[in-house]
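Visitor: I'm new to reading protein structures. Could you walk me through one?

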Amino acid sequence: FGMPQSKLHEILGGVDTAVFHPDPAARERIRAELGYGDGDFVVGLLGRFDRVKGQHELIRAVSRLRLDGVSNLRLLLLGFDSATPEADVRGWIAEHGIEAITAITGKRPDIAACLNALDLGVVASLWSETIARAALEIMATGVPLIGTDVGVMPDLLDPSAIFPAGDVEAMGLRIRAAMTDPDLTR
């Protein structure tokens with residue numbers, strides 16, 4: 001762009017680890033608030049409600065796993081109205097029959113605490129993810145993470161934790177693997 005090198009500066013994205021960190025007390029508090037038991041496996045997605053974030057695909061993957069007999073699976077959507085209204089998201093949840101196992105946080109001041117309640121984070125984005133702040137925040141809390149093959153996600157995760165964007169079946173297989181293989185989540 002004709003800009004002299006001396007005028008260019010790189011600003012790296014980051015996560016405030018004073019806020020986003022493993023917190024067993026927050027995990028216990030949020031899980032109790034949401035009615036999760038010790039045997040529940042809570043999968044969550046952090047992101048505004050927008051087609052790009054892949055909430056619909058995650059809802060479908062969780063529904064399929066439940067239909068396959070994975071009875072201890074729970075879904076936590078840490079998000080709020082944006083390009084996609086919450087009513088649409090709730091409609092997808094109802095359509096797939098997982099209302100009883102799904103919670104939506106809405107805007108909350110304690111999102112870091114809510115992330116600690118997860119057993120597995122999912123970045124289900126269909127495109128974009130230039131920085132993937134949600135992924136970095138989930139990882140900073142010490143929660144295992146799986147994600148799509150878009151943007152920087154392949155740079156952040158081991159190939160065994162990556163699945164093709166929009167591939168509901170592959171996402172479900174990664175969730176099931178995380179539930180059954182402690183080595184994978186480590």
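Guide: Let's go from the sheet to its helices and then to two single residues. Keep in mind that this is a predicted model.

Visitor: Where do I start with the sheet? In what order do the strands sit?

Guide: Read a sheet from one side to the other, not along the chain. Here six strands form an open sheet, ordered S3-S2-S1-S4-S5-S6, and the pairing is parallel. The edges are strand S3 (102-104) and strand S6 (162-163), each of which pairs on one side only.

Visitor: How many bridges join S1 and S2?

Guide: Strand S1 (residues 41-46) pairs with strand S2 (residues 73-78) over six bridges, in the parallel sense. One pair to look for is Leu 46 with its bridge partner in S2, Leu 78.

Visitor: And what about S4? Which strands does it pair with?

Guide: Look to both sides of it. S1 and S4 are parallel and share two bridges, and Gly 44 has Gly 121 as its bridge partner in S4. Strand S5 (residues 145-148) runs parallel to S4 and is joined to it by three bridges. There, Val 122 has Ile 146 as its bridge partner.

Visitor: Which way do the residues of S4 point?

Guide: Check the side of the strand each one points to. In S4 (residues 120-123), Leu 120 and Val 122 point one way, while Gly 121 and Val 123 point the other way. All of them are buried.

Visitor: How does the chain get from S4 to S5? What unit do they make with H5?

Guide: Follow the path over the helix. S4, helix H5 (residues 133-140) and S5 make a β-α-β unit, and it is right-handed.

Visitor: Now a helix, please. Where does H2 lie?

Guide: Find the strands a helix crosses and compare directions. Helix H2 (residues 55-67) lies across S1, S2 and S4, and runs at about 170° to S2. The helix has 13 residues, which should span 18 Å at 1.5 Å a residue; its end C-alpha atoms are 18 Å apart, so the two agree.

Visitor: Which residues of H2 are buried?

Guide: Here's the general idea: an α-helix has 3.6 residues a turn, so residues three or four places apart point the same way. In H2, the buried residues include Leu 58, Ile 59, Ala 61, Val 62 and Leu 65. Among the elements covering the buried residues of H2 are S1, S2, S4 and H7. After H2 comes Gly 69, with a positive phi near 100°.

Visitor: What happens at the start of H7?

Guide: Look for a side chain reaching the backbone. A side-chain oxygen of Asp 167 comes to within 3.3 Å of the backbone nitrogen of Glu 169. Helix H7 itself covers residues 168-180, and its buried residues include Val 168, Met 171 and Ile 175.

Visitor: Last, single residues. Is Thr 141 buried or exposed?

Guide: Compare its relative accessible area with the cut-off: under 20% counts as buried. Thr 141 has 3%, so it is buried. Its place is in the loop between H5 and S5, and its contacts farther than four places away in sequence include Phe 20, Pro 22 and Leu 115.

Visitor: And what is the relative accessible area of Thr 148?

Guide: Thr 148 is in strand S5, and its value is 0%, so this residue is buried too. Beyond its neighbours within four places, it is in contact with Val 123, Met 153 and Phe 163, among others. The C-alpha atoms of Thr 148 and Gly 166 are separated by 8.0 Å, though the two residues are 18 residues apart along the chain.

Technical notes
Residues are numbered from 1 along each chain as its sequence is written. This is a predicted model: local features need pLDDT of at least 70, side-chain atom pairs count only at pLDDT 80 or more; totals for chains, interfaces and linings use all residues. Side-chain values use heavy atoms; hydrogens and water are left out. Helices (H or I, at least four residues) and strands (E, at least two) are DSSP runs, numbered from the N terminus. The expected span of a helix is 1.5 Å times one less than its number of residues. Buried means under 20% relative accessible area, exposed over 50%, partly exposed in between (1.4 Å probe, protein chains only). A polar contact is a pair of N or O atoms within 3.5 Å; within protein, one must be able to donate a hydrogen and the other to accept it, and residues adjacent in sequence count only if both atoms are side-chain atoms. Two strands pair if DSSP finds at least two bridges between them. A crossover is right-handed if, with the strands pointing away from the viewer, the path from the first strand over the helix to the second runs clockwise. Contact means heavy atoms within 4.5 Å. Axes are lines fitted to C-alpha atoms, for helices over the stretch in contact, and angles run from 0 to 180 degrees between N-to-C directions.
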